[in-house]
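Hi there,

Here is the structure I promised to pass on to you. Please open it alongside this email, and my notes follow below it.

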Amino acid sequence: MTDRKATLTFDNKTLELPIHSPTVGPDVIDIRKLYAQGDVFTHDPGFTSTSACESTITFIDGDKGELLHRGYPIDQLASKSHYLEVCYLLLYGELPTAAEMEKFENTITRHTMLHEQMTYFYRGFRRDAHPMAIIVGVMGAMSAFYHDSTDISDPRQREIATHRLIAKMPTIVAWAFKYSIGQPFVYPRNDLDYAANFLNMCFSVPAEDYEVSPVLARAMDRIFTLHADHEQNASTSTVRLASSSGANPFACIAAGAACLWGPAHGGANQACLEMLRKIGTVDKIPEYIARAKDKDDPFRLMGFGHRVYKNFDPRAKVMKESADEVLDLLGIHDNPTLQVAKELERQALEDPYFAEKKLFPNVDFYSGIILEAMGFPTSMFTPIFALSRTVGWISQWKEQLSDPAHKIGRPRQLYTGHPFRDYVEVEDRG
Ligand code: SDX
């Protein structure tokens with residue numbers, strides 16, 4: 001850390017605040033002592049200019065449209081790596097040797113089964129429950145089934161909880177899907193790789209053999225990789241805040257999944273496909289672009305815009321290529337939804353409104369088209385995002401716990417409510 005300082009002068013006070021320089025990205029002004037020294041808070045609703053933690057896991061350059069995991073760019077990881085290797089990288093900081101990868105993959109493969117009693121937990125939900133509602137419940141319930149890995153002060157238990165979450169999420173998500181469509185649960189198989197195992201648990205049925213397409217498994221694995229981690233996004237920040245109170249890992253990750261569900265965040269993939277379907281044909285696009293620009297209309301282009309990216313989301317570029325590849329493989333030509341998506345992207349990017357506000361397609365713009373083509377209903381889009389992001393949440397959770405300086409997160413506020421006033425008896429009220 002350098003010894004540079006920022007000088008803040010107000011109300012005849014002058015404060016010197018340390019400036020810390022990152023490996024890459026903007027410098028930060030350390031305001032930890034601001035309240036004690038200056039008796040003021042900073043105010044930053046939505047944390048548009050606030051660094052909440054120090055991290056070495058993921059970096060996003062929003063202007064360049066670059067996403068790095070431990071320094072490796074997402075487009076190279078998407079084309080050269082695979083999801084479990086990216087999990088290892090996010091968790092342990094380096095790409096694994098062949099022996100390390102084999103050991104890690106064996107461990108994950110042998111943690112994919114769920115406690116049999118959990119099947120009864122699923123049966124408590126209505127059949128028409130949204131799979132995210134089931135997943136948030138089941139992930140939280142893991143605290144009730146895996147007591148022996150909830151003590152966060154024990155490194156071994158933290159490691160076991162980490163492996164259990166990464167390994168069991170495909171089973172949890174697949175079973176939420178099966179439950180919502182009234183089909184029997186399919187158990188994980190140790191002879192299938194991570195993505196193929198998930199597809200098998202989702203689409204195979206006891207009545208006949210099912211062969212997982214290796215190309216679809218590769219596309220699924222790439223979607224997992226593209227969603228694995230993304231700095232301090234809303235759901236990851238939720239996990240960090242929950243973890244700061246000492247809550248167990250399953251409760252923290254369940255909190256992250258609940259936050260991800262929102263349409264402004266991980267729920268955007270479902271909202272985007274529903275929007276593309278609603279637009280229906282390319283001739284309707286101008287009407288929806290006009291609505292998106294209209295301040296008085298709450299409609300926004302789902303899958304567009306991003307708090308950090310002010311250029312293309314690199315994940316959206318890979319996803320767009322993948323969409324063409326998967327649809328082509330499936331023999332789905334002239335997919336009307338993909339045609340609308342591509343024309344909508346073209347028209348929006350040519351429109352001054354989107355150019356001035358630097359609004360580009362994000363990771364959610366094309367992902368739904370691929371997932372729908374693979375056979376998933378829109379209700380499964382966010383659960384698949386949650387499955388992928390579990391490693392990011394747990395890596396950030398692990399990093400925060402290993403920071404000796406970490407403390408409970410407790411923001412302050414700009415209070416504009418009533419000052420002190422005495423209670424008024426009901427007979428004296430107006
Ligand atoms: C994800 O944070 C992450 O990293 C998230 C994520 C991850 O991997 O974890 O990348 C995943 O959540 C991607 C984003 C998915 N959400 C959507 O696609 C929903 C649609 N997009 C927006 O709602 C919005 O762009 C956000 C929520 C993504 C970002 O909102 P910000 O940063 O708070 O920006 P803003 O709402 O202040 O918008 C800035 C301006 C506004 O206009 P002005 O008030 O300045 O005139 O841009 C406009 C907005 O009205 N705007 C849009 C728009 N997004 C922003 N206008 C039309 N359509 C849009 N999609």
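Below are my notes on the ligand site, two helices and a pair of loop residues.

Please keep in mind that this is a predicted model.

**The ligand site**

I would begin with the ligand, which has 24 residues around it. Those that come nearest are His-230, His-306, Arg-307, Arg-315 and Arg-389. Sorted by class, the shell contains 10 nonpolar, seven polar and seven charged residues.

Which atoms of the ligand do Arg-307, Arg-315 and Tyr-353 approach with their polar side-chain atoms? For Arg-307 it is an oxygen atom of the ligand, at 2.7 Å. Arg-315 also has a polar side-chain atom 2.7 Å from a ligand oxygen. With Tyr-353 the partner is a nitrogen atom of the ligand, and the distance is 3.1 Å. As for cover, the ligand on its own has 1100 Å² of accessible area, and the protein covers 77% of that.

**Helix α18**

Next, please have a look at helix α18, which runs over residues 381-401. Two of its residues caught my eye: Gln-400 and Ser-395.

Gln-400 has a relative accessibility of 11%, and because buried means under 20%, it counts as buried. Setting aside residues up to four places away in sequence, Gln-400 touches Arg-240, Ser-243, Ser-244 and His-406. One of these, Ser-244, is 156 residues from Gln-400 along the chain, with 8.0 Å between the two C-alpha atoms. Arg-240 takes part through its backbone: the backbone oxygen lies 2.7 Å from a polar atom of the Gln-400 side chain.

Ser-395 is buried as well, with a relative accessibility of 3%. A polar atom of the Ser-395 side chain lies 2.6 Å from the backbone oxygen of Val-391. Beyond its neighbours within four places in sequence, Ser-395 is in contact with Ile-57, Leu-90 and Leu-91.

**Helix α9**

Helix α9 covers residues 214-226. How far apart should the ends of a helix of 13 residues be, at 1.5 Å a residue? The expected span is 18 Å, and the end C-alpha atoms of α9 are indeed 18 Å apart, so the two values agree.

Because 10 of its 13 residues are buried, α9 is largely enclosed by the rest of the structure. Among the buried ones are Leu-216, Met-220, Ile-223, Phe-224 and Leu-226, and the list also includes Asp-221 and Arg-222, along with Thr-225. What do the buried residues of α9 pack against? Their partners are α2 (74-80), α3 (83-92), α8 (194-203), α14 (314-329), α17 (364-373) and α18. That last partner, α18, is the helix that holds Gln-400 and Ser-395.

**Two loop residues with positive phi**

Finally, there are two backbone angles to look at. Asp-11 sits in the loop between β1 (5-10) and β2 (13-20). Its phi is near 40°, a positive value in a residue other than glycine. Is Asp-11 buried or exposed? With 59% relative accessibility, Asp-11 counts as exposed, because the cut-off for exposed is over 50%.

The other is Glu-231, in the loop between α9 and α10 (234-243). Here phi is near 60°, again a positive value in a residue other than glycine.

Happy browsing, and do write back with any thoughts.

Best wishes

Notes
Residues are numbered from 1 along each chain as its sequence is written. This is a predicted model: local features need pLDDT of at least 70, side-chain atom pairs count only at pLDDT 80 or more; totals for chains, interfaces and linings use all residues. Side-chain values use heavy atoms; hydrogens and water are left out. A residue is near a molecule or strand if one of its heavy atoms lies within 4 Å of it. A polar contact is a pair of N or O atoms within 3.5 Å; within protein, one must be able to donate a hydrogen and the other to accept it, and residues adjacent in sequence count only if both atoms are side-chain atoms. Accessible areas come from the Shrake-Rupley method with a 1.4 Å probe; for residues, only the protein chains shown count as cover. Ala, Val, Leu, Ile, Met, Phe, Trp, Tyr, Cys and Pro count as nonpolar, Asp, Glu, Lys and Arg as charged, and the others, Gly among them, as polar. Helices (H or I, at least four residues) and strands (E, at least two) are DSSP runs, numbered from the N terminus. Buried means under 20% relative accessible area, exposed over 50%, partly exposed in between (1.4 Å probe, protein chains only). Contact means heavy atoms within 4.5 Å. The expected span of a helix is 1.5 Å times one less than its number of residues.
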